[in-house]
Amino acid sequence: MAEEQLHLDIVTPDSTVLSEDVEYVGVPGAVGQFGVMKNHIPFLSALAIGSLYYRKGGSNTYVFLSGGFAEVTPDSVSILAESAERAEEIDVQRAKQAKERAEERLRQQKEEVDQARAEAALKRAIQRINLKERQSGSSH
Ligand code: ATP
């Protein structure tokens, strides 16, 4: 029997990145990864910088999220993210350059604000690079 589907929307301030019926969503919550299938109890969660993945027709697709919020209802997951990219939209060269810039800032050890910003930029860059590797290593 086919698995029941739920609707997944991923929206950023710039655009709707994804709007699809899927079977399962793995979400990078602020206090840890959580999984959602149809008929989940409703809740809200803040998001970490990381990868969301969804399963549809036996394959997993990964989407980078740079933080935001998730709203879960029994038949949907709505993600409101600061930025979101599918693997094919990620520019690895750009992420590697962002990683180097952030590492250089962290080496300089300036004010705390700069450190926190550099740490967040470093996390985004590492997660983008990891996602690209993970998606290219997956089954499709
Ligand atoms: P950079 O320093 O390269 O701008 P960043 O982590 O500061 O990286 P964000 O603030 O997360 O960038 O994103 C700004 C915009 O640029 C968003 O629309 C995001 O989707 C896009 N973006 C950032 N990095 C990449 C990347 N490596 N590949 C594709 N799009 C990216």
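**Figure 1. Long-range contacts in the predicted model.** Take the contacts in this predicted model that have a separation of 6 or more: 53% of them come from residues 24 or more positions apart. As for burial, 39% of the 140 residues count as buried.

**Figure 2. Eight strands, then two helices.** Counting up the secondary structure gives eight strands and two helices. Start at the N terminus and you run through β-β-β-β-β-β-β-β before reaching α-α. The radius of gyration comes out at 16 Å, close to the 14 Å the globule rule gives for 140 residues, so the protein is as compact as a globular protein of that length. Along the principal axes, the C-alpha trace spans about 55 × 30 × 25 Å.

**Figure 3. Where domain 1 meets domain 2.** The protein splits into domain 1, covering 6–87, and domain 2, covering 91–137. Their C-alpha centres sit 22 Å apart. How many residues of domain 1 are in contact with domain 2? On the domain 1 side there are 12, and they touch nine residues of domain 2.

**Figure 4. Surface and charge.** The accessible surface of the protein adds up to about 8,100 Å². Carbon and sulfur atoms own 48% of that surface. Turning to charge, there are 22 negative side chains and 17 positive ones. The centres of these two sets lie 6 Å apart.

Notes:
Residues are numbered from 1 along each chain as its sequence is written. This is a predicted model: local features need pLDDT of at least 70, side-chain atom pairs count only at pLDDT 80 or more; totals for chains, interfaces and linings use all residues. Side-chain values use heavy atoms; hydrogens and water are left out. Helices (H or I, at least four residues) and strands (E, at least two) are DSSP runs, numbered from the N terminus. The radius of gyration is taken over C-alpha atoms; the globule rule is 2.2 Å times the number of residues to the power 0.38. Buried means under 20% relative accessible area, exposed over 50%, partly exposed in between (1.4 Å probe, protein chains only). Contact means heavy atoms within 4.5 Å. Accessible areas come from the Shrake-Rupley method with a 1.4 Å probe; for residues, only the protein chains shown count as cover. Lys and Arg count as positive and Asp and Glu as negative; His and the chain ends are not counted. The place of a charge is taken as NZ of Lys, CZ of Arg, CG of Asp or CD of Glu. Domain bounds come from an automatic or database domain assignment.
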